[in-house]
Amino acid sequence: MTTLTNLTAACEIGANCYLVEVGAVRVVLDAGMHPKVDGKGALPLYELLDGRDPQCIIVTHAHLDHIGTLPILQQQFPRAEVVMTQGTAEVGNAMLHNSVNVMSAKRMEDGVEDYPLFTHGELEHVAMNWVQRPYDVPFRVGEGDEMLVTLYDAGHILGSCGAMLETNDGLRIFYTGDVQFENQSLIGGATFPDHGVDVLIMECTHGATERDRHYTRERELDRMTRAIRNTIEGGGAVLIPVFALGKSQELLYELGKMKESGRIPDVPIHFGGLGAKLTQVYDRLADCTPRLRPGVRVKECVETVPLPKDASATMLPSPGNIYLVSSGMMSPHTLSNRLAGYVLPHEKDAILFVGYSDPDSPAARIKMAGQGELVRLGTRADRGQAYPVRCRVESYDFSGHATREALLHYAKRLKPRQIVLVHGDTEAQEEMRELLEKWVPGVPILLPEPGKSYPLGE
Ligand SMILES: [Zn+2]
Ligand SMILES: [Zn+2]
């Protein structure tokens, strides 16, 4: 019998982790860290692994909600083979070392006593056991070679993959991880299998979002280009809060093209920190990872002015400058949060959002606020200093996740015997289930509850 156990602690985009068991073979898919919970509560339900070794841990990509607690899982199960792509290994290493720094700062500033959950030294030690696997080449897992695993390019960020698990008796389980089927600026769309899947374990981040029928990425880029040009020509500064991994590299490349073509003035772009470190990894792997434009290096397309290392440094935004800074959700104690306090009250300035914001985040509060309303930039809506929104505020859709229509088309093309929905809040999962019941009638749809086990493929 083949079973799936959901080790994610709640029905949401939290600490992603799933256990697939086929007889004696146990494979763990992802080892995430909850983005909003501090301390040990950020871990998946590792206690349900019962101290029994998984043979293999597959990490689909280097966002922390998929790789953030891998070192802890490895310390518990040092014999498990840990598999990921080269891109995920290199990006993941930088992400996890940065996470140690963030956790240590939280221990100092917010008194989170469990932090850091692991040290730089412990990370270096476990990372030596990561096995890098190429896309599209099957490999065996388990002592009696009980399972065949193949990684496919997921088009989400550098190194991202979906994983096909094929059991000895021929059951084919495909886990999408986070997927984008459309081309982004640097990373091309997913190259997933389009047949021969019995069980599809699918993310549904955008399950509750219907995209505008007239949407194109070019149109969004045009809107953004105009906003930047108007703000700069009107004597303002542009603040773009951005995730360090993925969105930063895509956006930086686009800003370079806007400047080169003269669509925006030739003004300084301030960029640094983790985003710059990860851009170096993107560039270093430009020739050996799948790219839309093979060999193109971001650093050669656009010049940047390094940011101060310390988010509390006294840099002020000044007119005629672009600031591409993290965090994307303007979390407290980050540079984008600090700069927002200066930009918000200034009519000539602009804040341009390019990604998802959690409803509790300062970024979401700014997006929701009307002109002239007060917003607070602390951890909660009633915390921190209040600022009036007088600057231009715009949002663009450059998602690294598939639209729900793309997911529905994919499910329909595959015609699996069973679909399992993960990586979405309850609303997204419920809406996706309703739609799938119409798109693929008769196919059982499973929304796995946290901590529970389910038979697969029956
Ligand atoms: Zn992701
Ligand atoms: Zn994710």
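# Why these words fit this model

Guide: Welcome! In this predicted model, helix H11 (residues 404-414) and helix H12 (residues 426-439) have axes that come within 10 Å and cross at roughly 40°.

Visitor: Why is H11 called oblique to H12?

Guide: Set the angle against the cut-offs. An angle under 35 degrees would be roughly parallel, and 65 to 115 would be roughly perpendicular. The crossing is at roughly 40°, which fits neither range, so H11 is oblique to H12.

Visitor: And which residues make the contact between these two helices?

Guide: H11 brings Arg404, Leu408, Ala411 and Lys412, while H12 brings Met432, Leu435, Leu436 and Trp439. By class, these residues divide into six nonpolar, no polar and two charged. The crossing itself is right-handed.

Visitor: Let's try another helix pair. What makes H3 and H7 roughly antiparallel to each other?

Guide: Again, look at the angle. H3 and helix H7 (residues 273-284) pack at an angle of about 165°. Angles over 145 count as roughly antiparallel, and therefore H3 and H7 get that description. Their axes are 9 Å apart, and H3 passes H7 in a right-handed crossing.

Visitor: What residues are in the contact of H3 with H7?

Guide: From H3 come Glu90, Val91, Ala94 and Asn98, and from H7 come Leu274, Lys277, Leu278 and Val281. They sort into five nonpolar, one polar and two charged residues.

Visitor: Where do the domains of this chain lie?

Guide: The domain assignment gives domain 1 as 2-209 + 400-455 and domain 2 as 217-395. The C-alpha centres of the two domains lie 28 Å apart.

Visitor: How do you know that domain 1 and domain 2 are in contact?

Guide: Two residues count as in contact when their C-beta atoms lie within 7 Å. By that test, 22 residues of domain 1 are in contact with 18 residues of domain 2. On the domain 1 side, the largest share is eight residues from helix H3 (residues 86-110). That side has eight nonpolar, ten polar and four charged residues.

Visitor: Now for single residues. Why is His66 called buried?

Guide: Count the neighbours. A residue is buried if 20 or more other C-beta atoms lie within 10 Å of its own. His66 has 28 of them within 10 Å, so His66 is buried. You can find His66 in helix H1 (residues 64-67). Leaving aside residues up to four places away in sequence, His66 touches Asn16, Asp30, Gly32, Val59, Thr60, His61 and Gly177.

Visitor: What makes Tyr323 count as buried?

Guide: The reasoning runs along the same path: the cut-off is 20 or more, and Tyr323 has 24 C-beta neighbours inside 10 Å, so Tyr323 is buried. Tyr323 sits in strand E14 (residues 322-325). Outside the four places to either side in sequence, Tyr323 touches Ala237, Val238, Leu239, Ile240, His270, Pro317 and Leu339.

Visitor: Why is His333 called partly exposed?

Guide: Here you need both limits. Buried starts at 20 neighbours, exposed means 12 or fewer, and partly exposed is in between. His333 has 15 other C-beta atoms within 10 Å, so His333 is partly exposed. His333 belongs to the loop between E14 and H9.

Visitor: And what makes His423 count as buried?

Guide: His423 has 27 C-beta neighbours inside 10 Å, so His423 meets the limit of 20 or more and counts as buried. His423 lies in the loop between strand E19 (418-422) and H12.

Visitor: What is the phi of His423, and what is that of His333?

Guide: Phi of His423 is near 55°, a positive value in a residue other than glycine. His333 also is not a glycine, and has a positive phi of about 70°.

Visitor: Last one! Which peptide bonds are listed as cis here, and where do they lie?

Guide: One is the bond from Tyr115 to Pro116, with omega near -10°. Pro116 lies in the loop between H3 and helix H4 (120-127). Another is the bond from Ser326 to Ser327, with omega near 10°. Ser327 is found in the loop between E14 and helix H9 (335-343).

Conventions:
Residues are numbered from 1 along each chain as its sequence is written. Chains are lettered from A and ligands numbered from 1 in the order in which they are written. This is a predicted model: local features need pLDDT of at least 70, side-chain atom pairs count only at pLDDT 80 or more; totals for chains, interfaces and linings use all residues. Helices (H or I, at least four residues) and strands (E, at least two) are DSSP runs, numbered from the N terminus. Domain bounds come from an automatic or database domain assignment. Ala, Val, Leu, Ile, Met, Phe, Trp, Tyr, Cys and Pro count as nonpolar, Asp, Glu, Lys and Arg as charged, and the others, Gly among them, as polar. Axes are lines fitted to C-alpha atoms, for helices over the stretch in contact, and angles run from 0 to 180 degrees between N-to-C directions. A crossing is left-handed if the near helix is turned anticlockwise from the far one by less than a right angle, and right-handed if clockwise.
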